[in-house]
Every structure is written in structure tokens, then in C-alpha cells.
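Below are some notes for a colleague who is about to set up calculations on this entry. They are arranged as numbered points, each of which can be checked against the coordinates.

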Amino acid sequence: MEHDIEALTSGAMASIWSWVQAKIPAGIEVFDAHAHIGTDIDGRTMTGDGMRERMEAAGVKKSIVFPLNDPNARDDYSGPNDVVWNAYEEHPRSFVPFFRLNPHLDYDREFARCVERGFMGLKLHPISQEFELDDPKVVRLFGMAAEVDLPVLIHAGFAMQRIVGPLLPTVEAHPGLRLILGHSAMVEVLSAARAFEDHQNVLFETSVVQAKDLYELFSSVDPSRVCYGSDIPYGDLPSTLHSTLAAAEAAGVPDEALPGIISENIRRWFP
Ligand SMILES: [Zn+2]
């Protein structure tokens, strides 16, 4: 589907895309650990079908999908969560549905509803929903997720001030909690690498992390702890795959570790 990928990248990235395709080992089914479906306050939108088209053009087999910072979230995010669920029901083999919550508001009902329904994870965004990771309401939510073995992806990128300090007690209290650090805790990547080194259930996700921080990440954590993400619609598949694979190569990550980074490290959570 060569022509589709050209349409997605305006043809400008043809040579970069060939490099990416040559780098991806044969038979590996790329898994995108961070993508959005719905509408954002900033005007961005993405539909389930739009996501599927992009995945198909780029050869991505599965994506974790969850709401944007939706203007229609009202109090409990149930509307945007339903949009994600409907996309999942249309494309159950392509999407791994996560739901989103606002920890400041009464979240128990929506949490129970989504877990009951079969959502496979929870997305939290400390900047958009204005909370700290050690807010008691958030710590309680992490505990609830740990109790039902629900993976959590947290935005740990742009505009974050504190990540490792407020998160470490939760990770230590719930060693079984599966946690994806969205954007790899890029503002504190080295201290995160050190603090979470022995916590095998913490993964570093690579979407829209700047080159220097991706390089530091691949130089300081075991590649088995890194998973690829695009952050669609903010990132796109060709350029985020390129930046992840190029940073891994620059940091001397062996090719044998690439299937894990772009697929298997996260896939084992969602067999
Ligand atoms: Zn995102």
C-alpha cells in the first residue's frame, strides 16, 4: 500500500519511510501504544476509520486508543469513552480500548462501568485534568486499577513538572500495577530510568519525545522496558517510527531488541 503512505506523508518522507521499513524486522506486527480517537478542545479530531487507514498504510497491526481532552467530556468522560468503545467494536482486532477519567470528579461509577464493559486500560492526563500524581484521589485510582489488574497510561511528557517523586510511592506500593509512562517521562528521563529500573511493570512509551531525550532513554534503560507510540493525531506513524528506531540505533541498541520495542514489550500485556 505504498501509495497510501505517500498520501499520509505528502511524499516528503519517502526515503525516511524506506529506511524505517528496512529496519523493521520481517514478520513483526507493529503495535502503537499511544493513540487518540475523538475530539480535543484544541480542535484536533480523529475517527476510528481514520486511525485504521493510517495503521493499514503504515503496516501497524494494533493500537491502544483512548479519548482526547474532549470538550464534551462533561463530568465523567462517559461520552468520549463510548466513542472509543464503538470504534473498538467496529475494529476489535485493531484497537485496544482504554478509557479516560477526571480524577477531580466522582469517577467511581464510570470506572466500574468501563471495567465491566471490557475496556483494557485507563488513560490519565495530569496537565489537561490539572492534577498531581500524588493527589490522594489519583493515588486511590491507581490502587483501584491495581486491584482489577488494569494497565494505566499516564501523560508524562510536555508541561509536566513532577513525575518520579510523586509516582514512586505508588509504584512501590503496587508492584503488580502495569504502568505506561506516556512520552517516556521525558522531562525527567534519567531519574525515571534509575527510579523504575527494577520495576518491570513500568514501560517507557516513545511518542513525540524529543531526540535528545529518546537518545538518553535508549542509553539508560533496558530496551525490554521501552514501547513505541505515535500519539496520533499529534504524531504520525512514519515520523514517530523513524524517530524511535533512529534513536535506538544511535544509542547502540542491538537490532535483536527492535521487535520488543515496536511490538512485543507491550503486546505481551494484551495477547
Ligand atoms: Zn496523547
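Does D255 count as buried, partly exposed or exposed, and at what relative accessibility? D255 counts as partly exposed, because its relative accessibility is 44%. The points below, which apply to a predicted model, begin with the salt bridge of this residue.

1. The side chain of D255 meets that of K23 in a salt bridge, with an N to O distance of 3.3 Å. K23 belongs to helix α2 (residues 14-23), whereas D255 sits in the loop between α10 and α11 (258-267), and the pair links distant parts of the chain, 232 residues apart. The lysine differs in setting from its partner, since K23 counts as buried at 15% relative accessibility, while D255, at 44%, counts as partly exposed.

2. Over the whole structure, a search finds 13 salt bridges. One of them joins D108 and R140, whose closest N and O atoms are 2.6 Å apart; this pair connects helix α5 with helix α6 (residues 136-147) across 32 residues of sequence. D108, at 33% relative accessibility, counts as partly exposed, and R140, at 41%, counts as partly exposed too.

3. A further salt bridge is formed by D134 and R162, with 3.0 Å between the closest N and O atoms. D134 lies in the loop between β6 and α6 and R162 in the loop between β7 (152-155) and α7, so the pair ties together parts that are 28 residues apart in sequence. D134 has a relative accessibility of 35% and counts as partly exposed, and R162, at 35%, likewise counts as partly exposed.

4. Helices α4 (residues 78-90) and α5 (residues 108-117) pack at an angle of about 10 degrees with their axes 11 Å apart, and they are therefore roughly parallel to each other. The contact is made by S78, N81, D82 and W85 on the α4 side and by E110, R113, C114 and R117 on the α5 side. A network of salt bridges links D82, E110, R113 and R117.

5. The zinc ion has as its protein donors H34 (NE2), H36 (NE2) and D231 (OD), which lie 2.1 Å from it, and the spacing of these donor residues in sequence is H-x1-H-x194-D. H36 lies in strand β1 (residues 30-36) and D231 in the loop between β10 (226-227) and α10 (237-250), so this pair ties together parts that are 195 residues apart in sequence. Both H36 and D231 are buried.

6. K123, in strand β6 (residues 121-124), may merit a check when charges are assigned. K123 is buried yet has no salt bridge, and the nearest side chain of opposite charge, that of D231, is 5.9 Å away. Leaving aside neighbours within four places in sequence, the contacts of K123 include the zinc donors H34 and H36, and among the others are F66, F98, F99, R100 and H155.

7. Two helices remain to be noted. In helix α3 (residues 48-58), the buried residues include G48, G50, M51, M55, A57 and A58, and just after α3, G59 takes a positive phi of about 75 degrees. In helix α7 (residues 164-173) is T170, which counts as buried because its relative accessibility is 4%; beyond its neighbours within four places in sequence, T170 is in contact with V139, F142 and L177.

Conventions
Residues numbered from 1 in each chain as written. Predicted model: local features only at pLDDT ≥ 70, side-chain atom pairs only at ≥ 80, totals over all residues. Heavy atoms only, no water. Donors = N, O, S within 2.8 Å, 3.2 Å for Na, K, Ca; no water. Helix = DSSP H or I, 4+ residues; strand = E, 2+ residues; numbered from the N terminus. Buried < 20%, exposed > 50% of the residue type's maximum accessible area, 1.4 Å probe, protein only. Lys, Arg positive; Asp, Glu negative; His and termini not counted. Salt bridge = Lys/Arg side-chain N within 4 Å of Asp/Glu carboxyl O. Contact = heavy atoms within 4.5 Å. Axes fitted to C-alpha atoms, helices over the stretch in contact; angles between N-to-C directions. Parallel < 35°, antiparallel > 145°, perpendicular 65-115°, else oblique.
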